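Dear colleague,

Please find below the structure that I am handing over to you, together with its sequence. I would be grateful if you looked through it before reading the notes that follow.

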Amino acid sequence: MTIKFYSGETIPLEMHKVRIVQKLNLPPVEERVKAMKEAGYNTFLLKNEDVYMDMLTDSGVNAMSDRQQAAMLEADDSYAGSATFTKLESKVQEIFGTKYFLPTHQGRACENIISQVYVKPDTTVPMNYHFTTSKVHVTLNGGAVEEVFKDEALNLVSEDPFKGDMDIEKLTTLIEERGADKIAFIRVESGTNLIGGQPHSLENLKQVRAVCNKYNLKLVYDISLLADNLHFIKEREESCKDKSIREITRELADQADILYFSARKLGFARGGGICTNSEEDYLLMREYITLYEGFLTYGGMSVREMEAITVGLEETMDEQYISQGPQFIAYMSEELQKKGVPVVTPAGGLGCHIDASRFLPHVPQTAYPAGALAAAIYIASGARGMERGTMSEQRAENGNETLSHMELVRMAMPRRVFTLSQVKYAVDRIAWLYDNRELIGGMAFVEEPSVLRFFFGKLDAVTDWPEQLAAKFREDFGDSL
Ligand code: F0G
């Protein structure tokens with residue numbers, strides 16, 4: 001929740017207390033330059049011991065509650081028929097109203113199975129926006145992704161409360177042009193990750209459902225980022241103001257044929273799952289679980305994590321729990337804006353998204369401005385974010401770069417993890433970097449994997465800009481780290 005101060009300022013207020021802590025390390029700037037170089041200017045490859053604030057992702061790194069940890073002790077460790085699975089299955093049924101639940105080890109495992117079952121060569125999957133792994137699984141099975149976002153989605157400075165909405169007209173045109181038999185399914189992603197954690201509305205999902213009914217198509221709903229999306233629907237969608245989070249969740253779930261999620265995000269733990277009400281779909285997907293994941297009562301997850309997910313899903317129905325992430329993100333985004341730093345607005349879920357195109361207009365997309373900015377932020381602060389731009393795209397078959405729609409650096413806000421003073425520290429160092437932005441240059445690949453290159457590709461700075469940046473840092477901050 002947020003609270004108003006006597007001074008008039010409004011700040012996010014933590015509705016939890018910290019009972020377990022982990023010591024952090026903040027290496028001096030010279031060591032950060034060295035660590036960044038050794039990591040091939042790829043924040044994925046940094047060692048966590050060199051990182052002060054790990055803002056790479058909110059995946060699997062959200063703080064667990066005391067109740068989650070207590071539940072983990074009760075886990076029933078059997079291969080088949082585990083009571084822990086029954087608890088999780090019942091919780092999923094209760095919250096989403098779906099009869100069948102298939103456990104997986106994480107979100108992309110769901111994407112693998114759904115794509116293998118439903119994506120045939122030469123089919124298209126319309127999406128409100130792609131996610132990296134969801135797109136690759138579709139293309140690996142011979143399909144193509146078509147994004148049917150509304151124009152406002154790519155507008156980084158906007159007041160649109162639901163930039164994650166699908167453009168229904170574009171969707172209908174696409175289906176008419178391709179023919180409904182060439183549409184594998186329609187995929188809607190809650191809390192649209194790659195455009196800055198932007199939500200879609202309940203109304204829009206209902207409209208997509210109507211289109212699915214008209215053309216007899218399946219609606220696959222990725223609810224990995226549902227928690228943030230629920231908060232925004234409750235806050236921004238007039239017709240939902242008086243509905244409970246549980247009611248909104250159920251109404252959303254009722255629109256889809258298949259729901260899937262990464263429990264590294266939804267449920268504050270680690271794992272995943274697919275939910276459906278259709279016996280036919282359940283049976284089609286079931287055999288892949290035993291083939292790729294594990295037996296049907298654990299699907300590759302540890303039983304302890306499954307216990308934690310059960311409690312985490314229940315906690316997701318609590319408005320105070322799910323508002324913490326978006327409100328910290330809004331605070332960080334607003335404070336950065338006050339200092340002139342270009343960020344995505346309105347602030348979304350998942351993290352604070354910095355617009356590298358406007359931050360570094362002098363760095364061309366082919367020199368990965370978002371990747372360079374992520375490296376520079378680490379050098380300036382010890383906080384590591386993630387490149388979400390051209391580096392996260394895959395080259396076209398002819399070797400040409402696929403230029404991303406946007407060049408963003410995502411500073412993820414793992415839920416319940418950071419304090420406000422840590423967020424203020426990150427804001428201060430990023431604001432300093434913005435004032436010294438002309439020092440930052442581009443990067444080039446030295447080792448470039450052909451698939452998901454952003455995970456393990458290595459780059460080099462095109463000049464000695466990292467050293468120059470560190471020298472300026474020393475000049476301005478003296479012996480402060
Ligand atoms: N769908 C969405 C919307 C996601 O954000 C992710 C993961 C996945 C699916 C895949 O789930 O990681 O459990 O296999 N997003 C992470 C991130 C990787 O950092 O944003 P997974």
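Which residues around the ligand come nearest to it? Of the 16 residues that surround the ligand, the nearest are Thr57, Arg108, Asp222, Ser262 and Arg410. Please keep in mind throughout that this is a predicted model.

The surroundings of the ligand can be described by residue type and by origin. By type, the shell around the ligand consists of 7 charged, 7 polar and 2 nonpolar residues. By origin, helix 4, which spans residues 107-118, supplies the largest share of this shell, with 3 residues. The shell also draws on both domain 1 (2-58 + 319-477) and domain 2 (66-315), and the ligand therefore lies between these two domains. The space that the ligand takes up is the second largest pocket.

Several side chains place polar atoms beside oxygen atoms of the ligand. In Arg410, one of the residues that come nearest to the ligand, an N or O atom of the side chain is 2.7 Å from a ligand oxygen. For Gln106, the distance from a polar side-chain atom to an oxygen atom of the ligand is 2.8 Å. For Lys265, the corresponding distance from a polar side-chain atom to a ligand oxygen is 2.9 Å. How much of the ligand's exposed area does the protein bury? On its own, the ligand exposes 470 Å², and 96% of that area is buried by the protein.

Two points in the backbone also deserve your attention. The first concerns the peptide bond between Thr345 and Pro346, which is cis, with an omega of about -10°. Pro346 is located in the loop that runs between helix 12 (319-338) and strand 11 (351-355). The second concerns Tyr41, a residue other than glycine whose phi is positive, near 50°. Tyr41 belongs to the loop between helix 1 (29-38) and strand 3 (53-54).

I hope that these notes help you to find your way through the model.

Yours sincerely,
A colleague

Terms used
Residues are numbered from 1 along each chain as its sequence is written. This is a predicted model: local features need pLDDT of at least 70, side-chain atom pairs count only at pLDDT 80 or more; totals for chains, interfaces and linings use all residues. Side-chain values use heavy atoms; hydrogens and water are left out. A residue is near a molecule or strand if one of its heavy atoms lies within 4 Å of it. A polar contact is a pair of N or O atoms within 3.5 Å; within protein, one must be able to donate a hydrogen and the other to accept it, and residues adjacent in sequence count only if both atoms are side-chain atoms. Accessible areas come from the Shrake-Rupley method with a 1.4 Å probe; for residues, only the protein chains shown count as cover. On a 1 Å grid over the protein atoms alone, a cavity is a set of points where a 1.4 Å probe fits but cannot get out, and a pocket is an open set with protein on both sides within 12 Å along at least five of seven lines; lining residues have an atom within 4 Å of a point. A molecule sits in a cavity or pocket if more than half of its atoms lie within 2 Å of its grid points. Helices (H or I, at least four residues) and strands (E, at least two) are DSSP runs, numbered from the N terminus. Ala, Val, Leu, Ile, Met, Phe, Trp, Tyr, Cys and Pro count as nonpolar, Asp, Glu, Lys and Arg as charged, and the others, Gly among them, as polar. Domain bounds come from an automatic or database domain assignment.
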